[in-house]
2 protein chains.
Amino acid sequence: MATRSTTSWTDGDDGRPNHDSDGKGVNQDPGRSGDSARRLVEAAVEAFAERGFHATTTRDIATRVGLSPAALYVHFPSKQALLAEISIVGHEAALDLIERSVDQPGTALSRLQAVIRAFTAWHAERHRVARVVQHELEALAEPDKRRVLEIRRRIEGAVEAQLSAGNASGEMDVPDTRAVARALLSLSVDVARWYDPRGSRSAAQIGELYADLATRMVTVRD
Amino acid sequence: MATRSTTSWTDGDDGRPNHDSDGKGVNQDPGRSGDSARRLVEAAVEAFAERGFHATTTRDIATRVGLSPAALYVHFPSKQALLAEISIVGHEAALDLIERSVDQPGTALSRLQAVIRAFTAWHAERHRVARVVQHELEALAEPDKRRVLEIRRRIEGAVEAQLSAGNASGEMDVPDTRAVARALLSLSVDVARWYDPRGSRSAAQIGELYADLATRMVTVRD
DNA sequence: GTCTATATAGAGATAGAC
DNA sequence: GTCTATCTCTATATAGAC
């Protein structure tokens, strides 16, 4: 089982280590800074996102960090544990994002917009982590899989609740809240599959566009 | 390289063989009917969809069909070739679907609705093939990958063309046709990831819902 | 075209020195 | 905590009989 004591790898842009994240002064050699456990997770995120969990070798992960294949097992008991660490922390980050958006003041519509904006931008900005989170569910082992599925249910529930609230207030016109909630999340989630940071639209812009599309999908017409 | 001479496996519901597809009379034992090549493809679709290309063993595929591991190599030169067969035929089927919808008479909006309806329903109805088509791109080898990417460009182009036409005719109000075309396809495609035939909504119903959501997304308001 | 048997390679993981 | 060396298992693919 992974430690999950350090969740700092969820910060930063997609696996690149933050400068000075340990508060010990300027890093002379950013490529070799930070503790090995964190850097192994970062390397695993990159590798799993690029090639998938099963196509990635422990050797590949260790080599990316500049360690021998055996060094990985000092920090993680197995390749599976590395995946579990990534998937669980990633899911928790996504849920946290949703819940913070939902807790904000405003109308059901403005909260839904905030959710879609943030959730979509996260799936673009952190597309490597998000790809692992969304595409390697099947590779998870119990009891991690169960834990992750529960988080996913809460995410869907939070979105559906906004649609129901919007229907009740008259702002929205959503006949099938369950199916539309799933569609909205599906739309955001799939950004992680195709997003390329070299593209012409930023993560924030895509979040903005998707919040607008969501608004059109759920609001009353004429 | 795979033969691609028989594309009959794209018919039927998700890998279950058609009765009497060879015109030789009633099959006494449907589970063991049909030629081995086709049944291997069907088994590979199931396995790749469930567990992914890399997590699937040739042994697993052959066993599902009731053959020895070695028998697979009589019909396909490699596991890669099996994937290529599935991916290419699947992509061609999806493109065909789009082009047939686009060629129909009507307005840009009605054609877009037809595209989304058909494309979405296909990703639900044939979710196993679609999952392989959409999630195993990275596992493809050249030159198959190049060929498939070209098909994907044509699909995106066809949808974007409808949005541009709709803007021109005044039916639609789509500021960023490129991004919205990608979003619409992304929405449809992702159905293959989560669709479960045991769910309460049929493939056709989801297609209908998504055509409606698409309409709301692109049409002029007020 | 199918089988049994096997070659070959590469994977995940461990042992034990430093 | 990291290394080198290696164990063990399993995967893809082939050989050759039937």
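**Buried charges, a shared interface and two DNA strands**

I would like to start with a single residue, A:Arg193, which counts as buried because its relative accessibility is 19%, and the cut-off for buried is under 20%. Please keep in mind throughout that what we have here is a predicted model.

What does A:Arg193 pair with in a salt bridge? Its partner is A:Asp190, and the closest N and O atoms of the two residues are 2.7 Å apart. A:Asp190 is buried as well, with a relative accessible area of 0%. In general terms, side chains of opposite charge can pair when their charged atoms come close.

If we now turn to chain B, we find a salt bridge between the side chains of B:Asp190 and B:Arg193, at 2.6 Å from N to O, and both of these residues are buried. Elsewhere, in chain A, salt bridges with shared partners link A:Glu46, A:Glu50, A:Arg51, A:Asp60 and A:Arg64 into one network.

Let me stay with B:Asp190 for a moment, which sits in the loop between α8 and α9 of chain B. With a relative accessibility of 0%, B:Asp190 counts as buried, and once we set aside its neighbours within four places in sequence, B:Asp190 is in contact with A:Ser186 and A:Asp190.

For another salt bridge, look at B:Arg153 and B:Glu150, whose closest N and O atoms are 3.4 Å apart. Because these two residues are three apart in helix α7 of chain B, which covers residues 144-169, they are separated by about one helical turn. Are they buried or exposed? B:Arg153 counts as exposed, at 51% relative accessibility, whereas B:Glu150 is partly exposed, with a relative accessible area of 37%. Over all chains, a search of the whole structure finds 36 salt bridges.

Next, the overall make-up of chain A. Its secondary structure comes to ten helices and zero strands, and of its 222 residues, 52% are buried. If we take the contacts in chain A between residues at least 6 apart in sequence, 67% of them join residues that are at least 24 apart.

That brings me to the place where the two protein chains meet. How many residues of chain B are in contact with chain A? There are 32 of them, and they touch 32 residues of chain A. The size of an interface is often given as the accessible area lost when the parts come together. Here, the area buried between chain B and chain A is about 2900 Å², and carbon and sulfur atoms give 54% of that area. Of the area that chain B buries against chain A, B:Arg216, B:Met217 and B:Arg221 supply 24%, more than any other three residues.

Four salt bridges are found across this interface, and in a salt bridge between the two chains, the side chains of A:Asp176 and B:Arg201 meet at 2.7 Å, N to O. There are also 16 residue pairs in polar contact across the interface, both residues being at pLDDT 80 or more. On the side of chain B that touches chain A, at least two residues each come from α1, α6, α8, α9 and α10 of chain B. Among these helices, α8(B) gives the most, with eight residues. Sorted by class, this side of chain B has 13 nonpolar, six polar and 13 charged residues.

Finally, the DNA. DNA strand C is surrounded by 15 residues, and the closest are A:Thr58, B:Ser36, B:Ser68, B:Val74 and B:His75. Of the atoms of DNA strand C that come within 4 Å of the protein, 67% belong to sugar and phosphate. How far is a polar backbone atom of B:Ser68 from a phosphate oxygen of DNA strand C? The distance is 2.6 Å, while an N or O atom in the side chain of B:Ser36 is 2.8 Å from a phosphate oxygen of this strand.

DNA strand D has 16 residues around it, of which A:Ser36, A:Ser68, A:Val74, A:His75 and B:Thr58 come nearest. For this strand, sugar and phosphate make up 64% of the atoms within 4 Å of the protein. An N or O atom in the side chain of A:His75 is 2.6 Å from a phosphate oxygen of DNA strand D, and a backbone N or O atom of B:Thr58 lies 2.8 Å from a phosphate oxygen of DNA strand D. By class, the surface near DNA strand D has six nonpolar, eight polar and two charged residues.

Technical notes. Residues numbered from 1 in each chain as written. Chains lettered and ligands numbered in written order. Predicted model: local features only at pLDDT ≥ 70, side-chain atom pairs only at ≥ 80, totals over all residues. Heavy atoms only, no water. Contact = heavy atoms within 4.5 Å. Buried area = accessible area lost by both parts, 1.4 Å probe. Polar contact = N/O pair within 3.5 Å; in protein donor to acceptor, adjacent residues only side chain to side chain. Helix = DSSP H or I, 4+ residues; strand = E, 2+ residues; numbered from the N terminus. Nonpolar A, V, L, I, M, F, W, Y, C, P; charged D, E, K, R; others polar. Near = heavy atom within 4 Å. Buried < 20%, exposed > 50% of the residue type's maximum accessible area, 1.4 Å probe, protein only.
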